[in-house]
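Work through the following exercises with the sequence and the coordinates open beside you. Each task sentence is followed by a solution that proceeds step by step.

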Amino acid sequence: TPSDGRSNAEVGADDASVVFHSWSKQGGLKPLPLAGGRGTEVWDHDGNHYLDFSTQLVFTNMGHQHPKIIAGITEQLNTLATVAPAHGNATRAEAARLILKRAPEGFEKVFFTAGGADANENAIRMARLVTGRDKVLSRYRSYHGNTGAAIVATGDWRRIPNEYATGHVHFFGPFLYRSEFWASSPEEECARALHHLERTVQAEGPESIAAVLLESVPGTAGIMVPPPGYLSGVRAICDRYGITLILDEVMAGFGRTGEWFAFDAHDVRPDLITFAKGVNSGYVPVGGVIISSEIAHAFDDRVFPGGLTYSGHPLAAGSIVATQRAMAEEGAVENAKRIGADVLGPGLAELGAKHDVIGEVRGTGVFWALELVADRETREPLPATTVARLKSDIIGRGLLPFATDNRIHVVPPINVSDDEVARALAIYDEAFTAFRP
Ligand code: PLP
């Protein structure tokens, strides 16, 4: 139900008149105001209900207003709403312990940040401090956050107006549908992408490289699940040249791929793992770095020159504890895996077979991309204006989609039900059937 009697138009215009919005021209903005939500559903001020298959910015992994997460935050709010990072705090320690439980052997500590960008920022800083080297290698087609080093590590257009940090080098990762390596099979793409990375390392000078920073499964850039052997091949290159491997699990982590961490499916052990978003379903801003014992102990007798007022904020910690417990109790990660393999993946593949505008369907768990093309043969991307039209049509049919570049990402909560997936598939199908390029 609408919250305060005002219409979408009124609330949207009011918001845009005083709120400066991310990644946007500020003139003429008409944000869709959301009044409330529950589970996979949200509603606006005009009383329209939507299936949230965007999970906002791919973070409400346990859906909206999950009662156990709200209770966890409320309990902490009523106990101690805030505390400085230098104090000890029982809820914070429990949050760290529950996160470490999901990390591989040999991970020992968690450094909490306020979100994903500063998680990557601090992981890069740790890698630079422990190696005594400067450069960071990351992929074109990636997003790592909107702060000093994280935005310059980013591979997409958002890096270019923000290129003030130094020491960043980019390379191409595997992406068979738009191969940079003239490959025609996943094996070829994998071998050639690894060769390209190793040559980049050699040409840059291994002694200057602190870290390779990768999204385990690149998210906003297009949900490209790496071919078998790629991530373990990157690990081997890092080992050969003494380079720290940082895996960014900000979007892919905590169930999104049907695993606790996306890299769990890839036989690889990173040195540092960054997280945010799904760890607490995004109810309170938080992120962090999961630190291997080796790197954690490198700071036993040496000051770590970094910190944040809200590092380990108790409300964030309370939300993490409740989310992690709820995910385990409700088998939500297993649900994501099952639904991806049995319901959502096959359903999207059917849509791909039926509608010519879908050039490729790819993904895993509840992390899928529909690559939209103007021409299936040439794979020419569908223009952004056409995707925007399709997006509004889908919203009009009662589903909030995640659209970016020439893609629609299908990213429901990890605890989405079979029935909700069936309803969403029907909406996508209707929209593609009505679609005229
Ligand atoms: N890393 C990845 C893979 C992301 O998808 C994002 C955000 O979308 C970030 C980092 C940055 O996180 P935040 O926006 O919380 O700073």
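**Exercise 1.** Identify which residue of strand S3 is the bridge partner of Trp43, and then place that pair in its hairpin.

Solution. In this predicted model, the residue of S3 that bridges to Trp43 is His49. The next step is to look at the two strands as a whole: S2 covers residues 41-44 and S3 covers residues 49-52, and the two run antiparallel, joined by 3 bridges. The last step is the turn, where the hairpin of S2 and S3 has 4 residues between the strands, and Gly47 takes a positive phi near 90°.

**Exercise 2.** Extend the picture from the hairpin to its sheet, and determine which strands stand at the edges.

Solution. Begin on the side of S2, where S1 pairs with S2 in the antiparallel sense over 4 bridges; within this pairing, Gly37 has Val42 of S2 as its bridge partner. Continue on the side of S3, which is joined by 2 bridges to strand S13 (residues 399-400), the two running parallel; here Asp52 has Leu400 of S13 as its bridge partner. Putting the pairs in sequence gives an open sheet of 4 strands in the order S1-S2-S3-S13, and its pairing is mixed. Strand S1 (34-38) and S13 each have a single partner strand, so they stand at the edges, and one side of each is left without a neighbour in the sheet.

**Exercise 3.** Describe how the protein chain is divided into domains, and characterise the side of domain 1 that touches domain 2.

Solution. First take the bounds: domain 1 consists of 8-65 + 331-434, while domain 2 consists of 67-329. The C-alpha centres of domain 1 and domain 2 are 25 Å apart. Next consider the contact, to which domain 1 gives 27 residues and domain 2 gives 26 residues. On the side of domain 1, the elements that contribute two or more residues are helix H2 (55-58), helix H11 (332-354), strand S11 (358-364), strand S12 (367-372) and strand S15 (407-410). Of these, H11 supplies the largest share, 5 residues. Finally, sorting the residues on this side by character gives 11 nonpolar, 10 polar and 6 charged.

**Exercise 4.** Determine which residues come nearest to the ligand, and which element gives the largest share of the shell around the ligand.

Solution. There are 16 residues around the ligand, and those that come nearest are Gly115, Gly116, Ala117, Gly145 and Val250. Turning from residues to elements, helix H5 (residues 116-131) gives the largest share of the shell, 3 residues. By character, the shell divides into 6 nonpolar, 8 polar and 2 charged residues.

**Exercise 5.** Compare the radius of gyration of the protein chain with that of a compact globule, and then examine the confidence of the model.

Solution. For 437 residues a compact globule would have a radius of gyration near 22 Å, and the protein chain, with 21 Å, agrees with this. Along its principal axes, the C-alpha trace spans about 60 × 60 × 45 Å, and the secondary structure of the chain comes to 13 helices and 15 strands. As for confidence, the mean pLDDT of the protein chain is 97, with 99% of its residues at 70 or more. Confidence in the chain is lowest in helix H6 (residues 148-153), at a mean of 92, and highest in strand S9 (residues 272-275), at 99. The scores for the model are ipTM 0.99 and pTM 0.98.

Key: Residues are numbered from 1 along each chain as its sequence is written. This is a predicted model: local features need pLDDT of at least 70, side-chain atom pairs count only at pLDDT 80 or more; totals for chains, interfaces and linings use all residues. A residue is near a molecule or strand if its C-beta atom, placed from the backbone, lies within 6 Å of it. Ala, Val, Leu, Ile, Met, Phe, Trp, Tyr, Cys and Pro count as nonpolar, Asp, Glu, Lys and Arg as charged, and the others, Gly among them, as polar. pLDDT is the predictor's confidence in each residue, from 0 to 100. Domain bounds come from an automatic or database domain assignment. Two residues are in contact if their C-beta atoms, placed from the backbone, lie within 7 Å. Two strands pair if DSSP finds at least two bridges between them. The radius of gyration is taken over C-alpha atoms; the globule rule is 2.2 Å times the number of residues to the power 0.38.
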